[in-house]
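Biologist: I am new to this structure and would like to go through it slowly. Could you show it to me, and then explain the terms as we meet them?

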Amino acid sequence: MELQLPLLALQPKIRVEQRDGKRYLWGLVRRKWLVLQPEELVRQLLLHHFIDDLGINKNRLAVERGLSVNGLQKRCDLLVFDPDMNPWLLVECKAPAVSLTEATFRQIATYNLPLQVPHLLVCNGPQAYCCSVDWEVKDFAFLERIPAYPG
């Protein structure tokens with residue numbers, strides 16, 4: 001079930017700067033200028049959505065956090081923690097030109113194996129899908145919206 005996220009409406013909040021022939025955007029959580037790449041733009045729009053629309057404290061957001069999956073070092077795009085600092089939502093961002101496929105879901109599910117986060121979100125800007133994971137029965141269900149943030 002595809003989500004309707006208001007990411008286009010958040011574009012004016014993105015700070016962009018041109019230097020040395022390159023475009024940069026301001027990283028909301030990392031608090032530094034980042035090369036403007038399509039996937040990074042999606043990540044920053046989602047961060048604005050989480051903070052401005054969903055009321056999630058930016059101290060509960062981790063960007064490109066490292067994790068170990070089957071002995072390999074990986075990085076998840078975004079990890080949202082609940083008020084008790086337990087992982088609550090794992091996010092995989094893709095560039096708008098990248099289709100969200102079964103492989104995208106396999107990637108985020110693999111990243112989630114060591115974390116066992118209860119909610120997953122994949123987004124390429126125009127498209128987004130969210131699901132909840134039931135670790136006891138090893139099943140998942142797609143959701144109509146991102147769950148309400150706890151607390």
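Modeller: Buried means under 20% relative accessible area, exposed means over 50%, and partly exposed lies in between, with a 1.4 Å probe and protein chains only. This is a predicted model, in which local features need pLDDT of at least 70 and side-chain atom pairs count only at pLDDT 80 or more, while totals for chains, interfaces and linings use all residues. Residues are numbered from 1 along each chain as its sequence is written, and side-chain values use heavy atoms, with hydrogens and water left out.

Biologist: How many disulfides does a search of the whole structure find?

Modeller: A disulfide is a covalent bond between the sulfur atoms of two cysteines, and here the term is applied to a pair of cysteine sulfur atoms within 2.5 Å. The search of the whole structure gives a count of 0 disulfides.

Biologist: Which cysteine sulfur is nearest to that of Cys 123, and is Cys 123 buried or exposed?

Modeller: Cys 123 has a relative accessible area of 0%, so this residue is buried. Cys 123 takes part in no disulfide, and at 6.4 Å the nearest cysteine sulfur is that of Cys 93.

Biologist: Where is Phe 140 placed, and which residues form a nonpolar patch with Phe 140 on the surface?

Modeller: Phe 140 lies in strand 9, residues 139-142, where strands are DSSP runs of E with at least two residues, numbered from the N terminus. Because its relative accessibility is 49%, Phe 140 counts as partly exposed. Patches are made of residues with over 30% relative accessible area and no salt bridge (a side-chain nitrogen of Lys or Arg within 4 Å of a carboxyl oxygen of Asp or Glu), and nonpolar side chains (Val, Leu, Ile, Met, Phe, Trp, Tyr) are joined within 5 Å, like charges within 9 Å. With about 320 Å² of accessible area together (Shrake-Rupley method, 1.4 Å probe, only the protein chains shown counting as cover), the patch joins Phe 140 to Met 1 and Phe 142.

Biologist: Which strands stand at the edges of the open sheet with the order 1-2-3, and why is one side of each left without a neighbour?

Modeller: Two strands pair if DSSP finds at least two bridges between them, and in this open sheet of 3 strands the pairing is antiparallel. Each edge strand has a single partner strand, so one side of each has no neighbour in the sheet; these are strand 1 (16-19) and strand 3 (33-35).

Biologist: What residue is the bridge partner of Glu 17 in strand 2?

Modeller: Strand 1 and strand 2 (residues 22-26) run antiparallel and are joined by 4 bridges. The partner of Glu 17 in strand 2 is Tyr 24.
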